[in-house]
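Dear colleague,

I am handing over the structure we spoke about, and I would be glad if you could look through it with the notes below beside you.

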Amino acid sequence: MSSTIELRAFMGLSDTFRERNWSNPKEVVVPGELSGTELLALLDLTENMVEVVFVNGKAYTPPLAVVTGGDRVALAPPGVPGPYRVLLGFKEMG
């Protein structure tokens with residue numbers, strides 16, 4: 001069964017959203033449960049473009065993220081400055 005997620009992009013990924021004429025946040029229809037890697041494929045984003053997938057506020061690497069309908073998801077690219085990495089939870093990613 002398909003449902004939607006709320007997807008946000010940060011830093012350079014927000015530029016990609018603008019180039020594709022996507023809103024930020026963007027509603028994305030997902031077919032059930034997806035890994036972060038599968039979500040990136042659905043969005044036509046490569047894994048080297050995304051370092052962290054936040055799912056409902058918790059940080060994961062793309063292969064470890066699990067996304068289902070109703071989730072709030074954010075994508076962060078590589079290169080987020082050091083202090084923000086700690087504040088956002090990159091240091092203790094699952």
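What follows is an account of what was found in the structure, going from the overall layout to particular side chains.

Please keep in mind throughout that this is a predicted model. The protein contains 3 helices and 7 strands, and, read from the N terminus on, its elements follow the order β-α-β-β-α-β-β-β-β-α. Of its 94 residues, 36% count as buried, while the area that the protein exposes comes to about 5,400 Å², with carbon and sulfur atoms supplying 54% of that area. Among the contacts between residues at least 6 apart in sequence, 61% join residues that are at least 24 apart.

Strand β4, which covers residues 52-55, may be a good place to begin. In a regular strand, the side chains alternate between the two faces of the sheet. Here both faces of β4 are covered, with Val52 and Phe54 buried on one side and Val53 and Val55 buried on the other. As for its partners, β4 runs antiparallel to β7, to which 4 bridges join it, and within that pairing Val52 has Ala76 of β7 as its bridge partner. β4 also pairs in the antiparallel sense with strand β5 (residues 58-60), in this case over 3 bridges, and there Val53 stands opposite Tyr60 of β5. The strands β4 and β5 form a hairpin that leaves 2 residues between them, and Asn56, which sits in the turn, has a positive phi of about 50°.

Turning to charged side chains, the structure holds 3 salt bridges. Side chains of opposite charge can pair when their charged atoms come close. Glu6, Arg8 and Arg72 are linked in a network of such bridges: the side chain of Glu6 meets that of Arg8 at 3.1 Å, N to O, and the side chain of Arg72 meets that of Glu6 at 3.4 Å, again N to O. This Arg72–Glu6 pair links distant parts of the chain, since Arg72 belongs to strand β7 (residues 72-76) and Glu6 to strand β1 (residues 2-9), with 66 residues separating them. Glu6 is partly exposed, at a relative accessible area of 28%, and Arg8 likewise counts as partly exposed, at 30%.

The other salt bridge to mention joins the side chains of Asp15 and Arg18, with an N to O distance of 2.2 Å. Both residues lie in helix α1 (residues 12-19), where they are 3 residues apart, or about one turn of the helix. Is each of these two side chains buried, partly exposed or exposed? Asp15 counts as partly exposed because its relative accessibility is 35%, whereas Arg18, at 53%, counts as exposed because the cut-off for that class is over 50%.

Finally, a search of the whole structure finds 1 aromatic pair. The rings of Phe17 and Trp22 have their centres 5.0 Å apart and their planes at an angle of 80°, so the pair is classed as edge-to-face, given that planes over 60 degrees apart fall into that class. Phe17 is buried, with a relative accessible area of 1%, while Trp22 is partly exposed, at 21%, because buried means under 20%.

With best regards

Definitions and conventions
Residues numbered from 1 in each chain as written. Predicted model: local features only at pLDDT ≥ 70, side-chain atom pairs only at ≥ 80, totals over all residues. Heavy atoms only, no water. Salt bridge = Lys/Arg side-chain N within 4 Å of Asp/Glu carboxyl O. Buried < 20%, exposed > 50% of the residue type's maximum accessible area, 1.4 Å probe, protein only. Pairing = 2+ DSSP bridges. Phe/Tyr/Trp six-rings, centres within 6.5 Å; stacked < 30°, edge-to-face > 60°. Contact = heavy atoms within 4.5 Å. Areas by Shrake-Rupley, 256 points an atom, 1.4 Å probe, with all protein chains shown as cover.
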